[in-house]
Each structure stands twice: as structure tokens, then as C-alpha cells.
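Dear colleague,

Please find below the sequence and the structure that I am handing over to you. My findings follow directly after them.

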Amino acid sequence: MLKALNNIVHAKIILIITIIFLLPVLSCKSYDNEKGSITAGNKVINVEIVYTVSDRAQGLMNRKVLDEDSGMIFVFPYDRKLSFWMKNTSIPLSIAYISSDFIIREIREMTPFSLKPVKSKNSVRYALEVNAGYFSENGIREGDRLVFSDSIHKALEKAED
């Protein structure tokens with residue numbers, strides 16, 4: 001009887017330890033945005049595609065990391081002047097404002113948690129956020145033409161206003 005009770009206690013301890021180690025993994029939000037890629041020269045940037053009003057508003061808020069050679073592309077239904085801020089965003093970012101002909105019109109740096117708007121000077125269709133300094137570190141400049149994967153082109157058809 002004592003051995004059976006000891007086994008039950010041991011099993012409960014193992015269960016508790018397992019739950020403690022799995023809790024952070026289980027509580028992580030799963031980001032299920034559509035995926036695509038953008039080619040800039042010889043670099044490929046793996047991106048999450050956001051095109052709904054709510055997903056664009058959420059952006060990269062509350063995330064702790066952004067993988068290398070990764071980013072988020074914000075797709076809008078028509079050209080307009082865009083404005084982004086860094087509310088609840090701890091990752092230092094660079095943003096490229098991109099025209100409907102896939103040319104980078106502006107590159108700007110963004111400060112974590114800043115509520116100051118980072119506005120485009122030009123009317124553009126897309127905004128690409130990547131880790132701070134990514135564009136300069138990889139020789140990607142204003143005036144460069146990007147190549148979007150088919151999934152990004154398809155998102156344009158679904159983009160909300």
C-alpha cells in the first residue's frame with residue numbers, strides 16, 4: 001500500500017513538473033498569419049502577411065523577437081499615405097514604405113514603445129517591418145525594386161480598407 005501511494009505521489013510530481021515546463025509553450029500565442037516572401041537583391045525576407053484592419057492594427061505588438069531575415073508586410077487595398085507607431089512593440093524595427101510598383105520609396109527607423117507616428121511622405125500600398133538596421137546591413141535602399149511571392153499578390157485581392 002505504501003509503495004502504491006509513493007508511486008502516485010511520484011507520478012503527480014512528474015505531472016506538475018511537466019506542466020510547469022510546458023506552460024510557457026502552451027501559453028504562447030500562435031501567429032497564424034499567411035506567409036510569403038520578398039526578394040530584395042540576393043536577400044529573401046520571410047514575411048507574415050497582414051491585410052485585414054484588425055491584423056494590421058495588431059502588427060508586431062507584444063512580440064519579444066523577430067527572426068533574422070523575417071518581417072511583416074502590411075498590405076493595403078489602394079495607395080495612400082501611411083502612418084505607423086510602436087505602441088506595445090518592444091522590438092526595434094525598420095520600416096520600408098513600398099509603392100504599388102514594388103519600389104521602396106522610404107526607409108525609416110522606429111523606436112520601441114514610441115507613440116509618435118512614423119508617417120510616409122508618399123502614397124504607398126505596402127509597409128514592410130523588419131529588425132532595426134536590416135535594410136542598411138543588407139544593402140537594401142530606397143529606389144530598390146522588390147519581388148513579392150504570389151501569396152502577397154493574392155493578399156492584395158483580400159485587403160480591407
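**Surface and overall composition**

The protein exposes about 9,700 Å², of which carbon and sulfur atoms supply 57%. Please bear in mind throughout that this is a predicted model. Of the 161 residues of the protein, 39% count as buried. The secondary structure comes to 4 helices and 9 strands, and from the N terminus on the elements follow the order α-β-β-α-β-β-β-β-β-β-α-β-α. Among the contacts with a separation of 6 or more, 71% are between residues 24 or more positions apart.

**Confidence**

The mean pLDDT of the protein is 89, and 81% of its residues reach 70 or more. Residues 22-30 have a pLDDT below 50, and beyond near neighbours in sequence this stretch has 0 contacts in the model. Where pLDDT is low, the predicted coordinates should not be read in detail.

**The sheet**

An open sheet is formed by 7 strands, in the order β6-β5-β8-β3-β2-β1-β9, with mixed pairing. Its edge strands are β6 (residues 104-110) and β9 (residues 147-148), each of which pairs on one side only.

At the β9 end of this order, β1 (residues 34-40) and β9 run antiparallel and are joined by 2 bridges. Thr39 stands opposite Val147 in β9. With β2, strand β1 pairs in the antiparallel sense over 7 bridges, and the bridge partner of Ser37 in β2 is Asn46. β1 and β2 form a hairpin with 2 residues between them, and Gly41 in the turn has a positive phi of about 65°.

Positive phi values also occur in residues other than glycine: Asn62 has a phi near 65°, and Asp69 has a phi near 60°. Asn62 is found in the loop between α2 (residues 53-58) and β3, and Asp69 is likewise found in the loop between α2 and β3.

**The helix across the sheet**

Helix α4 (residues 150-158) lies across β1, β2 (residues 43-50), β3 (residues 70-80), β8 (residues 124-131) and β9. The helix runs at about 40° to β3.

**The nonpolar cores**

In soluble globular proteins, nonpolar side chains tend to be buried together. Which residues have the most contacts inside the largest nonpolar core? They are Ile73, Val75, Ile98, Leu128, Phe148 and Ile152, in a core of 23 residues. The elements that give two or more residues to this core are β1, β2, β3, β5 (residues 93-98), β8, α3 (residues 134-137) and α4. Apart from this core lies another, of 17 residues, among them Val50, Leu66, Leu82 and Met86.

Ile98 may serve as an example of the surroundings of a core residue. Not counting residues up to four places away in sequence, Ile98 touches Ile73, Ile103, Ile104, Arg105, Val124, Arg125, Tyr126, Leu128, Leu146 and Phe148.

**Where to begin**

For a first look, I suggest following the sheet from β6 to β9, its edge strands. Helix α4, which lies across β1, β2, β3, β8 and β9, could come next, followed by the core of 23 residues and the other core, of 17 residues. The stretch at residues 22-30, with its pLDDT below 50, may be left until last.

With kind regards

Definitions and conventions. Residues numbered from 1 in each chain as written. Predicted model: local features only at pLDDT ≥ 70, side-chain atom pairs only at ≥ 80, totals over all residues. Heavy atoms only, no water. Pairing = 2+ DSSP bridges. Contact = heavy atoms within 4.5 Å. Axes fitted to C-alpha atoms, helices over the stretch in contact; angles between N-to-C directions. Buried < 20%, exposed > 50% of the residue type's maximum accessible area, 1.4 Å probe, protein only. Areas by Shrake-Rupley, 256 points an atom, 1.4 Å probe, with all protein chains shown as cover. Core = buried A, V, L, I, M, F, W, Y, C linked by side-chain atoms within 4.5 Å. pLDDT = per-residue confidence, 0-100.
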